[in-house]
Amino acid sequence: MLSDSRSSVALSEPPPRAARVLVVDDEPNISALLSATLRLVEFDVRVVDSGHRALVAVEEFEPDLVVLDVMLPDLDGFDVAKRLRSTGSRVPVLFLTARDAVEDRISGLAAGADDYVTKPFSLEEVVLRIRAILRRSQPELDAPSASDTGVLRYADLELDEDAHEVRRAGRLIDLSPTEFNLLRYLMINAGRVVSKAQILDRVWKYDFGGDGRIVESYVYYLRRKIDKTDPPLIHTVRGVGYALRLPRGGEE
């Protein structure tokens with residue numbers, strides 16, 4: 001059974017605002033189950049059943065997160081996410097998809113997804129992933145310590161946490177919030193090899209096993225953006241993990 005414990009607050013303090021979640025799915029059974037479960041654990045939920053209605057709802061409802069089915073009757077989920085990003089919206093998106101091919105995962109990342117869940121899925125897993133995304137996308141919930149603020153630099157790569165900007169050789173690189181957090185973690189650990197499990201724990205903030213394939217997909221896509229400029233900085237250490245460092249002899 002799903003539950004969510006709450007700590008008591010002083011009477012003088014206003015209660016915290018419930019996180020708003022927009023569910024976009026044209027299958028009534030799935031949307032009903034999702035919305036009921038999310039309300040049970042005290043999210044503020046709105047449900048729509050098409051891509052065009054989703055775009056309108058994002059403006060009106062101002063959700064903290066969108067749960068977005070890929071297969072919709074008008075616009076597919078990828079198109080919806082691309083249109084949101086093109087308008088400057090950075091609302092986190094969790095895709096629901098029946099397709100788990102690498103090409104589909106890459107399409108989702110290219111559209112600006114923060115995570116994805118493959119159907120059929122566990123309702124508990126969806127709740128855990130939503131909470132993980134909200135923790136890493138809302139600074140007030142997971143603010144970096146004072147020692148971690150400011151500008152991180154490695155070689156010709158620069159990450160400005162205050163401006164939320166990344167530049168390589170002076171060129172501005174557009175990253176999604178999750179890509180930004182992944183690169184920040186790699187830069188903090190520059191020169192060290194970090195495992196998929198460490199990345200899931202520190203970037204995705206999963207308090208459960210998690211799927212290492214999401215790390216592979218994001219590293220692949222981040223590398224395509226960061227390593228357009230030579231030398232390549234993001235390297236795979238087979239059987240161990242990933243490292244941000246200058247190339248070593250014989251290393252691609």
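**A parallel sheet and four backbone exceptions**

In this predicted model, His164 occupies the loop that runs between β7 (157-160) and β8 (165-168). Although His164 is not a glycine, its phi is positive, at about 55°. The relative accessible area of His164 is 37%, which makes this residue partly exposed.

A second residue of this kind follows in the loop between β8 and β9 (171-173), where Ala169 is placed. Ala169 is likewise not a glycine, and its phi is positive, at about 50°. With a relative accessibility of 53%, Ala169 counts as exposed, because the class begins over 50%. The value of 37% for His164 falls in the class between 20% and 50%, so the term partly exposed applies there.

Why do such backbone values deserve separate mention? Most residues other than glycine have a negative phi, and most peptide bonds are trans. The peptide bonds supply two further exceptions. From Lys119 to Pro120 the bond is cis, with omega near -10°. Pro120 belongs to the loop between β5 (115-118) and α5 (123-137). Asp230 and Pro231 are also joined by a cis peptide bond, and here omega is about -5°. The loop that holds Pro231 lies between α8 (212-226) and β11 (234-237).

The strand β5, which precedes the loop of Pro120, leads to the sheet. Five strands make up an open sheet with parallel pairing, in the order β2-β1-β3-β4-β5. Which strands stand at the edges of this sheet? The edge positions belong to β2 (44-48) and β5; each has a single partner strand, so one side of each is left without a neighbour in the sheet. From one strand to the next, the twist averages 20°.

Within this order, the pairing of β1 with β3 can be followed in detail. Strand β1 comprises residues 20-24 and strand β3 residues 65-69; the two run parallel and are joined by four bridges. At one position along this pair, Val24 stands opposite Leu68 of β3. Helix α2 (residues 51-61) packs on the sheet and touches β1, β2 and β3. The direction of helix α2 makes about 155° with that of β2. The contacts of α2 therefore include β2, one of the two edge strands, together with the bridged pair β1 and β3, where contact means heavy atoms within 4.5 Å.

Definitions and conventions
Residues are numbered from 1 along each chain as its sequence is written. This is a predicted model: local features need pLDDT of at least 70, side-chain atom pairs count only at pLDDT 80 or more; totals for chains, interfaces and linings use all residues. Side-chain values use heavy atoms; hydrogens and water are left out. Buried means under 20% relative accessible area, exposed over 50%, partly exposed in between (1.4 Å probe, protein chains only). Two strands pair if DSSP finds at least two bridges between them. Axes are lines fitted to C-alpha atoms, for helices over the stretch in contact, and angles run from 0 to 180 degrees between N-to-C directions.
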